[in-house]
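Hi there,

Here is the structure I promised to pass on. Have a look at it first, and then read on for what turned up in it.

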Amino acid sequence: MKRLFFAALVAGLMLSGIAHSDDNNVAATTEAATTTANITAAAKLDNPGGIGGLESLRGLAEIEATRPADLMKRYPRDQGVIDSDYVYQPPLIPHTIRHYEVSLNANKCLACHSWKNAKEMGATKISVTHYVSPQQGQVLSDVSPSRYFCLQCHVPQADAKPLVENDFKRVSALR
């Protein structure tokens, strides 16, 4: 197999005019073919069976293999309000939002956090700024359409290991 590969490589190089019959070019061609064969052999050793692999932030996985699901994230519900890390940071959500619908027709967040329901539900009221139209500066009777999609700014805070190393430091005034 190696001899056939080497012969095809030399023939291709000769046809393209790169290799000639003098000793220097034959040696260079032989070295190139050997290097190519070594790379091919190393690739086969690193990837037995030839099923490929994919590396992401969550680790290395073979393409045809099904890896086990990650553990479910825990949400620190008892934690209450989570401290801010920088000025004007939107508050973090201290609970899971799985199966919450936030669409043009419904907003599950408002079931607990609207001014009408917050006291009864024991939830934090949404900010009065969410009732102000940014275009005209008018105070509205309902949540402004530009503030209706809560998950554009607010995210759940899970007890999860970061995917990427981070050396972020909180603003000193908020420590």
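**What was found**

Val164 sits in the segment that follows helix 4. Before I say more about that segment, please keep in mind that this is a predicted model. Together with Leu57 and Leu163, Val164 forms a nonpolar patch on the surface, about 300 Å² in area.

**The chain as a whole**

To set the scene, the protein chain contains 4 helices and 2 strands, and read from the N terminus their order is α-α-β-β-α-α. There are 175 residues in the protein chain, and 15% of them count as buried. The accessible surface of the protein chain is about 14,400 Å², with 58% of that belonging to carbon and sulfur atoms. Among contacts in the protein chain with a separation of 6 or more, 44% come from residues 24 or more positions apart.

**The segment after helix 4**

Several findings come back to this part of the chain. Which side chains meet in a salt bridge? They are those of Asp85 and Arg170, at 2.9 Å from N to O. Asp85 belongs to the loop between strand 2 (59-62) and helix 3 (110-113), while Arg170 belongs to the segment after helix 4, so this pair ties together parts that are 85 residues apart in sequence. The structure holds 1 salt bridge. As for exposure, Asp85 counts as partly exposed because its relative accessibility is 27%, and Arg170 counts as partly exposed with a relative accessibility of 27%. As general background, side chains of opposite charge can pair when their charged atoms come close.

Asp85 turns up again with Phe168, which is also found in the segment after helix 4 (118-121). Leaving aside neighbours within four places in sequence, Phe168 is in contact with Asp85 and Tyr86. Phe168 and Asp85 are 83 residues apart along the chain, and their C-alpha atoms are separated by 9.2 Å.

Gln157 lies in the segment after helix 4 as well. From C-alpha to C-alpha, Gln157 and Leu92 are 6.0 Å apart in space, although 65 residues apart in sequence. Is Gln157 buried, partly exposed or exposed? With a relative accessible area of 30%, Gln157 is partly exposed.

**The nonpolar core**

The largest nonpolar core is made up of 5 residues: Leu110, Ile126, Tyr131, Val143 and Tyr148. One of these core residues, Tyr131, is worth a click in your viewer. Not counting residues up to four places away in sequence, Tyr131 touches a list of residues that includes Ser114, Trp115, Gln138, Leu140 and Asp142. Two of its core partners, Ile126 and Val143, are among the residues in contact with Tyr131.

**The cysteines**

You may well want to know about disulfides, so I checked. A search of the whole structure finds 0 of them. Cys150 is in no disulfide, and its nearest cysteine sulfur, that of Cys109, is 3.9 Å away. The cut-off for a disulfide is 2.5 Å between the sulfur atoms, which means that a pair at 3.9 Å does not count as one. Cys150 is buried, at 14% relative accessible area. Cys153 is in no disulfide either, and the nearest cysteine sulfur to it, that of Cys150, is 8.9 Å away.

Best wishes

Key: Residues are numbered from 1 along each chain as its sequence is written. This is a predicted model: local features need pLDDT of at least 70, side-chain atom pairs count only at pLDDT 80 or more; totals for chains, interfaces and linings use all residues. Side-chain values use heavy atoms; hydrogens and water are left out. Contact means heavy atoms within 4.5 Å. Patches are made of residues with over 30% relative accessible area and no salt bridge: like charges are joined within 9 Å, nonpolar side chains (Val, Leu, Ile, Met, Phe, Trp, Tyr) within 5 Å. Accessible areas come from the Shrake-Rupley method with a 1.4 Å probe; for residues, only the protein chains shown count as cover. A salt bridge is a side-chain nitrogen of Lys or Arg within 4 Å of a carboxyl oxygen of Asp or Glu. A nonpolar core is a set of buried Ala, Val, Leu, Ile, Met, Phe, Trp, Tyr and Cys residues joined through side-chain atoms within 4.5 Å. Buried means under 20% relative accessible area, exposed over 50%, partly exposed in between (1.4 Å probe, protein chains only).
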